[in-house]
Amino acid sequence: MESNKREWHGTHHSWSYRPQAFRWSGEMISGINLLPIATEMRAWMLQRGHLSIIPTHEAPHNSGFTNPYSKSGVTLSLLMSRVINSSHDYANFSESTDDETDSEIERLRLYNEILLYSTRLCEASIKQLLYCTQIPESRYGRMALGQLLESPCPGCKRKNGKEPHLVSLVGTLAHPYHLCLEFEHCAMDHMDLVNKLRNSQAAHSGIQDLNIRTADISRSQLLEESTDILSGFLHMLSHVEKLEQKMLMDLESKGEAINRLKLNGLEAKDCNFNLVPGEEFIFQVEG
Ligand SMILES: [Zn+2]
Ligand SMILES: [Zn+2]
Ligand SMILES: [Zn+2]
């Protein structure tokens with residue numbers, strides 16, 4: 001699906017990882033505090049993999065996940081898979097005796113859920129990555145997808161009389177991994193489109209008209225519209241997957257380097273690292 005092209009003006013900023021990018025077991029790093037949500041969703045949609053259920057009952061000090069967006073991302077993926085299965089069943093089940101009113105109501109329900117969950121999953125997968133950075137959660141926690149794509153700079157907004165420039169938190173995440181161009185010219189357009197459809201048709205008072213025809217026409221309308229949205233969603237996931245994989249690999253090597261330093265006797269008080277994404281972590285003792 002070719003989405004509408006628009007210009008993105010939000011600036012990208014540099015950032016660092018924070019300690020919550022890792023899962024901890026006492027003072028040692030035991031894993032990464034994010035799950036490949038987009039990667040797994042895409043693999044499932046391509047019938048190449050399963051969706052995970054979050055490992056439960058591990059305490060935060062004992063390797064447990066503390067990233068709230070990993071948990072919501074997993075839940076939303078599981079719901080999304082149900083919605084995809086239901087709309088597939090509905091659209092491809094060709095019994096002609098179906099009631100046309102029921103069929104049209106079902107079409108609208110499924111169409112709304114597809115829009116809703118694609119957008120929410122996208123929001124959760126982006127916030128999950130932001131949670132690993134030093135960007136404060138108060139900045140993005142309440143943002144919907146449109147604002148994650150572009151929103152006024154809070155720093156400039158506070159200064160009187162200054163017209164705030166736009167910041168893109170999605171672009172900011174992609175920036176250190178040299179994914180800006182593919183995000184600005186593709187992924188963000190897909191996110192923008194699904195976000196606008198969600199906002200106008202599946203989140204508030206607006207909704208597509210109930211248009212009772214025959215059951216078969218309702219089915220084929222859902223088939224067409226869901227194929228359109230889901231193929232855009234699948235493609236958008238491929239970009240987020242790239243970002244997830246880069247961050248996971250980066251954090252894995254940084255985590256190993258930090259654990260090595262700790263095993264070699266570096267004390268916790270000296271572990272004040274600046275973990276720059278995309279750059280090899282080299283520790284220098286200060287002083
Ligand atoms: Zn600013
Ligand atoms: Zn950039
Ligand atoms: Zn693309």
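**Reasoning about a predicted model**

Q: How many disulfides does this predicted model contain, and by what rule are they counted?
A: The count comes to zero disulfides, where the rule asks for two cysteine sulfur atoms within 2.5 Å. Cys-132 illustrates the result: the nearest cysteine sulfur belongs to Cys-122 and is 16 Å away. A distance of 16 Å is not within 2.5 Å, and therefore Cys-132 is in no disulfide.

Q: What is meant by a disulfide in general?
A: The term denotes a covalent bond between the sulfur atoms of two cysteines.

Q: Why is Cys-132 called buried?
A: Cys-132 has a relative accessibility of 0%. The word buried applies under 20%, and therefore Cys-132 qualifies. Cys-153, at 11% relative accessibility, also counts as buried.

Q: What makes His-12, His-175 and Cys-180 donors of the zinc ion (ligand 2)?
A: The coordinating atoms are ND1 of His-12, ND1 of His-175 and SG of Cys-180, at 2.0 to 2.2 Å. Donor atoms must lie within 2.8 Å of this metal, and therefore these atoms meet the condition. Along the sequence, the donor residues are spaced H-x162-H-x4-C.

Q: Are His-175 and Cys-180 buried or partly exposed, and how do you know?
A: His-175 has a relative accessible area of 37%, which means that it is partly exposed, as this class lies between 20% and 50%. Cys-180 has a relative accessible area of 15% and is therefore buried.

Q: Which residues are the protein donors of the zinc ion (ligand 3), and how do you know?
A: They are Cys-186 through SG, His-235 through NE2 and His-239 through NE2. Their atoms lie 2.0 to 2.2 Å from the ion, and therefore satisfy the 2.8 Å limit. The spacing of these donors along the chain is C-x48-H-x3-H.

Q: Where do His-235 and His-239 lie, and how accessible is each?
A: Both residues are in helix H9, four residues apart, about one turn of the helix. His-235 is partly exposed because its relative accessibility is 34%, whereas His-239 is buried because its relative accessible area is 8%.

Q: How do you know that Lys-196 and Asp-192 form a salt bridge?
A: Their side chains meet at 3.0 Å, from N to O. The limit is 4 Å, and therefore the pair qualifies. The two residues stand four apart in helix H8, which means about one helical turn separates them. Lys-196 is partly exposed at 47%, whereas Asp-192 is buried at 8%. Both residues also belong to a network of salt bridges, together with Arg-6 and Glu-150.

Q: What makes Asp-216 and Arg-219 a salt bridge?
A: The distance from N to O is 4.0 Å, and the rule admits pairs within 4 Å. The residues are three apart in helix H9, about one helical turn. Asp-216 is partly exposed, at 40% relative accessible area, and Arg-219 is buried, at 3%.

Q: Why is Lys-269 called exposed?
A: Its relative accessible area is 66%. Exposed means over 50%, and therefore the term applies. Lys-269 forms a salt bridge with Asp-270, with the closest N and O atoms 3.4 Å apart. Asp-270 is partly exposed, at 35%. A search of the whole structure finds 14 salt bridges.

Q: How do you know that strands S1 and S2 pair?
A: Strand S1 (residues 22–25) and strand S2 (residues 28–32) share four bridges in the antiparallel sense. At least two bridges are required, and therefore the strands count as paired. Phe-22 has Ile-32 as its bridge partner, and Trp-24 stands opposite Ile-29. Two residues lie between the strands of this hairpin, in which Gly-26 takes a positive phi near 65 degrees.

Q: Why can Ile-212 belong to a surface patch?
A: Ile-212 is partly exposed, at 43% relative accessible area, and patch residues must have over 30%, therefore Ile-212 passes that test. With Ile-105 and Leu-210, Ile-212 forms a nonpolar patch of about 270 Å² accessible area together. Ile-212 lies in the loop between helix H8 (180–202) and helix H9 (215–263).

Q: What makes up the protein chain as a whole?
A: The chain has nine helices and four strands. Of its 287 residues, 48% are buried.

Conventions: Residues numbered from 1 in each chain as written. Chains lettered and ligands numbered in written order. Predicted model: local features only at pLDDT ≥ 70, side-chain atom pairs only at ≥ 80, totals over all residues. Heavy atoms only, no water. Patch = residues over 30% accessible without salt bridge, like charges linked within 9 Å, V, L, I, M, F, W, Y side chains within 5 Å. Areas by Shrake-Rupley, 256 points an atom, 1.4 Å probe, with all protein chains shown as cover. Buried < 20%, exposed > 50% of the residue type's maximum accessible area, 1.4 Å probe, protein only. Donors = N, O, S within 2.8 Å, 3.2 Å for Na, K, Ca; no water.
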